Structure formats: C-alpha cells, structure tokens
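This briefing looks at how neighbouring strands are paired and covered, and then at how two helices pack. The model shown here is a predicted one.

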Amino acid sequence: MGPLSARLLMQRGRPKSDRLGKIRSLDLSGLKLLSEHLDPKLLSRLTQLQELDLSNNQLETLPANLGLSHLRILRCANNQLGDVTALCQFPQLEELSLEGNPFLTVSDNLKVSFLLPKLRKVNGKDASSTFSQVENLNRELTSRVTAHWEKFMATRSPEEDAEKAQADFVKSAVRNVRYGPESLSEFTQWRVQMISEALVASGGTQVHETRIPERPSKATAAQEPRARLMALKRSGDVSLSLSPSKRGCPSPPAHVEGSPMGSDGSQPALDLEPLHFLQCHSKNNSPRDLETQLWACAFEPAWEEGQAGATSQTVATCGGEAVCVIDCQTGIVLHKYKAPGEEFFSVAWTALTVVTQAGHKKRWSVLAAAGLRGLVRLLHVRAGFCCGVIRAHKKAIATLCFSPTHETHLFTASYDKRIILWDVGVPNHDYEFQASSQLLTLDAASIPLRLCPVASCPEAYLLAGCEGGCCCWDVRLDQPQKRRVCEVEFVFSEGSEAPGRRVDGLAFVNEDVVDEGIVLCGDEEGNVWVYDVRHILTQQPPLPAALQAPTQLDEPTQKHGYVNRHGSVSCRKCTFTCELPEQAPRSSSSSERPGNLEFLLCLREPPKHCPKAFDLELTI
C-alpha cells in the first residue's frame, strides 16, 4: 500500500460524500499502512471525523500533527506501535483500542490515561480504575519531586548559574526520585521529568498544580476496585527487618550485632510479616470462593542485559482458569489471562529477542502456562495476548520448565509419565509462534511433578521430582536417542509410607538465596518450616542423634517437628543409604508435622565405582 489518496478516503468513509470535510467515520484497517503513509496534510482535511479505524496495519508511530481535533473513537489494534505520546493530539478521545501491539507495556497504558482526560474505554474495558492508579502515582510523584527541589536548592551555592542549576535539577530528579513498582518505572520517570520541568518553569511555585485533568463525574462514579487487591495486615504479625545487602537469614554461625541469642547460642527464630493478601484467582472474583487452588508461581526474568538468572519483582501465578501477573511491591494485578474450561497447573518464563519488520530488535518476556487440557499457551504478557499454542500431551500437564541455557527450549511434564523437550522458536513478523518442534521424549516410572535442570550442568542433565521419588536424565542433544529412560533414580526404602514417596518440591539453592546449612520446606497445611542442619554438615558420619528443632514461619510459637524417614539413592550398579534418627523432638499436635520434608539426604562423595555418580546434596 502506498500513500493515502482523497479518493480512497471517500471510498472508505461514512457517510458517503464527495467532500472530505463531511466524513465522520473512516475505516483504514487491513491496508498494510506504514507510518509514513499517514499524510497529515490529507488527513487534516477530515475536519468532522469522529471515528477512525487503523487496526491491522504496520504502524510503528502516529504522526504528531494529524489535526483530527474532533476524534472520539480510535482503533489501532494489531500494529507495531512502540509509543503512545502522540495520542495527546486527540483531546476529545473517548474510546481507544490498542490490543495486539506487542511493544506497548503497562506504562503506556498509564500514559494513555494521563494524556486523554475524556477517555472512558481502553480495549473495550472501563478506564476509570487505571485513571485512579495514575492519580495516586501522580500525587505521590509530585510530593517527592517537591521534596527533592527543596533539598536540591538548599545545597546550591548563590554563585552557581541559575539556568545550569535548573537543568541539573531536572536530571537529578529523573535519576533519584523513585516510586511504585519496577514495571512502571518508564511511566514514573516520564512523569518525574514533566513535573520537574514544570516546577523549574514556575520558579518552584506551581508544582502542586501539575496534576492530571479532572475526569467527568460519571467516570469517577463508575470507578471499580482493583482486581482483588487487599493490602491487609494481621494485627498480631511482627515485621522482619532484612539486611539491605542480602534478603535472607543471617549468615551462620556468625552473630548479628545487637540481636538476642538463644539459650543454646543459636540465632532467634525469624518472624515474617505478609505484605499483601490477594484473592485474584477466585471464580468471578468472589470473596466466597475458597475452593479454587493456587498451583504455581514464577518470577519474570530481569530485562537488563548481562543479568543471567536474575529476576524482577513481577511474579506470575496460576490457579483455576486464570493466570495472573502481579507486582510484588504494590500487590497490583498487572495482567490477568483467562481460558474458560482450563485449569492452569504451571507457569514458566523465558526472555526472547525478536526482530520487527523494520529490523529493530526487541526483548520479549514470554510466559508459558499449561494445565488440565494438555495445552501449552505462550503468552506475551505485556501486550496482553496469546501468541501461540502447543498441543503437548493428551493428558494434563503437571509442570513446565524452560532451559536456562537455551531460551527457546521448554520441558513439559505430564500425567502420561512423559517429559517432552520442545523448541518453541521465536515469533514471526505477525508476532505468532509457528509449529514447535519436539526434540526429546523422556520416560518416567511415575508421574513427574517438578522439573529442575542440574545447576552445575543444566545443558546436560534434568532432575525431576516424581510420585515415586526422583529421576535424572541425560538431555544432551548430541546423543542419537530421541527417547530416553532415566539415568539415575532416587528411590525410597521399602518401609517408607506411601505419602512420603512423592516429591513435589525440588530446587538447587545457592548461597545468595538462603544461607548454607538452612533447609526450608512446606506442608499441606500451608506452613513453612526452617531447619538448621549446620552441625550435621560439619560432622562426619555417623550422623548425630537429633536434629535442631525446626521453626515454623507462620506461627513462631510452634518450634517442634520431626524427621524420621530413611532414604537411599540407587543407580543400575550400586545403592548407598543415608539414615536419619528414628525420632526427633515432636510436638503434641500431628498437624504440626512437616509434610514435604520427609528426609534429608546428603551425598558428598558417592562411591567411585558408580559410573553415574554425581556430587549431589539433595533435600526432599
């Protein structure tokens, strides 16, 4: 499609007229228009235009001087827009559609709400809740910029050039004034610069007038609460002060200065305070729905280059028919994806580099979600749409896991007792994933419930927690077999009870996550337990007669649990066993028993004759 012509506009305009000035509605969708095809001189002749459809084109920007001052409805879905600031030229806009623009983020949604004071609907949904969020952010940012101005001016010398000082203040404010979640940093920096420039222009007297325009009373009355956000606190909770350099337990056995010591010289129990309570997976957002279960969560990878393995403060959760993306700092549900008839069991993130039709490279965070129907949905969360579906298994998918070394490789584990490795590829120019290729099939003896690449060699081995124990596979692609059985199997002793055979939690933990010698586990009652095993790790076998009593985080007054299982590790040629004491201190209530930590198995030096021996330290 080339540049627009007056004849084309009259053909596509309504009502039919031989004069552009009489057209009120214009449909320019599906013409493969580029940004340079929108001629401001031609479009400015549409003086009465109220509705414009530009969807399903290839627009990367909107010209800043289209002159459509009466426009009330604008549709720009399924384009390649990367910025929304040009929308400020449409002050009368009431309805806006931006779905399917994969490079627009939640910050752009807030910019839209700020720039268009009469906007009522965005992507078919009421815009009042977003407006309320923008209003709160703007109020706090204005207050912080004002405080920064007063501090900045107090340190300025009288001899300093005034114009340079003002420019330095704007730069300083953009660099230092922070508020709100990381996912909104683009919007907050944008607003901080605008507020700072307005403050400088007024000489520091008009900062409180830098507000977004008032909404019509009808829109204000229609405001709805945010999706199930309940930032509540328990009256009996005690806050936990964490070191700013390391979010975790104090490093054992060093004593933190100023903190009380236990009677045995150990560190005191931790007290944790919940930050937010949310019920965003309930059916129809009903607070009475206590049946829908939350099955899994995963943190989004960090966007910055050179931060392999780092995560942001944005977390995806799944349960029921919904997947939610939540900012942990504020508790705001940023996105919610629903699939009626589905029940989501697992989510996993990856970061992909895609190339636009214009040749620009963009970094995408893609979220994979799967569950009851055996389908994997690949979600472009920031743009809010599903860009691919993999029909992975005929039975339900229990868990997902992306390879840490190959960003397009996805493991899916199903109730059919199989794990499949897929190459999902990268999206095409229409931002859709093509058919995924199946690379490997791994057979398990029981249902795999958790997946974890072996930390020291993630490209070579995959560890799975299953209904009957743990299994490990060789997943190197340079091997000829495309279907494989497990290389090493972690089994339980004959005398262990049936519930203790299940491994539904599995992870390799680094020292920057929790301190060495501290083991965490959870039970079916929703409790979290902390075990101090430092004295075990520092002693040679046989193990001591008793473990230090665990700490239960949700009720710090309960300090006893027990560990009394036996465990063994076997491969095809050898078996070696590590035993724990028959009974550790136990409380009187059976409900205080930790359900998921059935035994602790530490294998420092497996027998050298074992051909499949690993240097492992496993907690189950």
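Strand 11 (residues 311-319) and strand 12 run antiparallel and are joined by six bridges, one pairing being that of T314 with D327 in strand 12. On to strand 13 (residues 333-338), strand 12 is again antiparallel, here with five bridges, and C324 stands opposite K336 of strand 13.

**Turns between the strands**
- The hairpin formed by strand 11 and strand 12 has two residues between the strands, and G320 in this turn has a positive phi of about 65°.
- The hairpin formed by strand 12 and strand 13 has five residues between the strands, with G331 in the turn at a positive phi of about 80°.

**Burial of strand 12**
- Strand 12 (residues 322-327) is mostly covered, with six of its six residues buried.
- This covering applies to both faces, since A322, C324 and I326 are buried on one side, while V323, V325 and D327 are buried on the other.

**Packing of helix 5 and helix 6**
- Helix 5 (residues 162-176) and helix 6 (residues 185-201) pack with their axes 9 Å apart and at an angle of about 155°; because angles over 145 degrees count as roughly antiparallel, the two helices are described as roughly antiparallel to each other.
- The crossing of helix 5 and helix 6 is right-handed, and the contact is made by Q166, F169, V170, A173 and V174 of helix 5 together with Q189, V192, Q193, S196, E197, L199 and V200 of helix 6.
- Sorted by class, the contact of helix 5 with helix 6 comprises seven nonpolar, four polar and one charged residues.

Notes. Residues numbered from 1 in each chain as written. Predicted model: local features only at pLDDT ≥ 70, side-chain atom pairs only at ≥ 80, totals over all residues. Heavy atoms only, no water. Axes fitted to C-alpha atoms, helices over the stretch in contact; angles between N-to-C directions. Helix = DSSP H or I, 4+ residues; strand = E, 2+ residues; numbered from the N terminus. Parallel < 35°, antiparallel > 145°, perpendicular 65-115°, else oblique. Left-handed = near helix turned anticlockwise from the far one by under 90°. Contact = heavy atoms within 4.5 Å. Nonpolar A, V, L, I, M, F, W, Y, C, P; charged D, E, K, R; others polar. Buried < 20%, exposed > 50% of the residue type's maximum accessible area, 1.4 Å probe, protein only. Pairing = 2+ DSSP bridges.
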